[in-house]
Amino acid sequence: MPVVGAGRTRATTTATNSRRTSSVSSYPVPVRPDLIRSYSTSYRIHPSAMAAAAEGARGRETQLGDLPADCLAQAIALTSPRDASRCAAVSPTFRAAADSDHVWQRFIPSDDAQLLLAALPAKGGGGGGGGGRNKKDAYLGLCDAASAAAVGGDGGCRVWLDRATGAKCYALSARRLSLPWDDGEFSWRFTPHPLSRFGEVAELVECTCLDIYGRLPAAALTPAAPYAAYLVYDTAAGGRHRGLSFPDQETAVSLGGRPAARHAVCLRPDDAEARKFGGTSGPRRGGGGQQVLVRQPRRREDGWWEMEMGRLRTAGGREEEQEEVVASFEALGWYPKSGLVLHGIEFRPLH
């Protein structure tokens, strides 16, 4: 059976849709070409290409190496000589900044710069003063202990720089030390020595009371740097030494006369000789019966023996300007001693 009104319904619907279409198209619709471009382009770019573009954008950001060399040099100058040398290995830009005179001038102590540089030979020979050298070469020259600058008129004190930190190192000759003279001038004799940077050493002829003191103004040391004092010595050739193997020897380093820890040492460990005096050069017993570790010397590359005497750290305050650092060695037993060849006492920073 035909549906009554079906044709009229289709006709009505068609007319309604045509009116809607005409009404929509009659309103102005703004066109956004940028959105259309972005929408269409996003579907055409491969993800790997988009990642490469993002990486390129990041690569165009300012990096540390893009900074001017002067800025890098200013930052590197606030570090240490060791760090500056490491920075020079990063890149050519860093190398140019790390090797600049601005950086290495800061590592040369300003208070002693004139004295230190005057001791340097000119580049390529000629007079002193380090002429013709850049600041890095001058600094490295000041780190050579063998050519350390002399302080004072007698040349009994030498100063050089620690290569890693730039802190000042000092060496006091035997003539700058307080030595026992209980038997008059015949206790010690000063003789030339080929390995001495001072040209001579003090050789112990014989004594019964052996104590050695070295003094240095605290203001001379680099502030806030940890230091150790070292007794530098040898013994007479051919085994002509006596009384240096018994571990009743002590060292100490004090600042401003304040009490300091004392350390048991043995300058010439030799059990065979120590037994002659009723002991051994190994560990000894303390006052409470506990075992005390006896420090042993170390043979240096330059042929000398050295014994660490103690450690200290200066604060660099005004109260320390008038104070002294005193390094002492003492043999407690009263028995004959001879054959000690004394080069001096050194103060060097710890790493």
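These are my notebook entries on a four-stranded sheet and two loop residues in a predicted model.

Entry one, the sheet. I looked up how the strands are arranged, and I found an open sheet of four strands in the order E6-E14-E8-E9, with antiparallel pairing. I then noted which strands lie at the edges: they are E6 and strand E9 (262-265), each of which pairs on one side only. From one strand to the next, the twist averages 15°.

Entry two, one pair within the sheet. I followed strand E8 (residues 249-255) alongside strand E14 (residues 324-331), and I counted seven bridges between them in the antiparallel sense. To have one example in hand, I looked for the bridge partner of glutamate 250, which is glutamate 330 in E14.

Entry three, alanine 224. I located alanine 224 in the loop that lies between strand E6 (210-217) and strand E7 (226-235). I wrote down that its phi is near 60°, a positive value in a residue other than glycine. Is alanine 224 buried, partly exposed or exposed? I entered it as partly exposed, because its relative accessibility is 47%, and the partly exposed class sits between under 20% for buried and over 50% for exposed.

Entry four, glutamine 322. I found glutamine 322 in the loop between strand E13 (305-313) and E14. Its relative accessible area is 72%, so I listed glutamine 322 as exposed. I also checked its separation from alanine 219: the two residues are 103 residues apart in sequence, while in space they are 7.6 Å apart, C-alpha to C-alpha.

How values were computed:
Residues numbered from 1 in each chain as written. Predicted model: local features only at pLDDT ≥ 70, side-chain atom pairs only at ≥ 80, totals over all residues. Heavy atoms only, no water. Buried < 20%, exposed > 50% of the residue type's maximum accessible area, 1.4 Å probe, protein only. Pairing = 2+ DSSP bridges. Axes fitted to C-alpha atoms, helices over the stretch in contact; angles between N-to-C directions.
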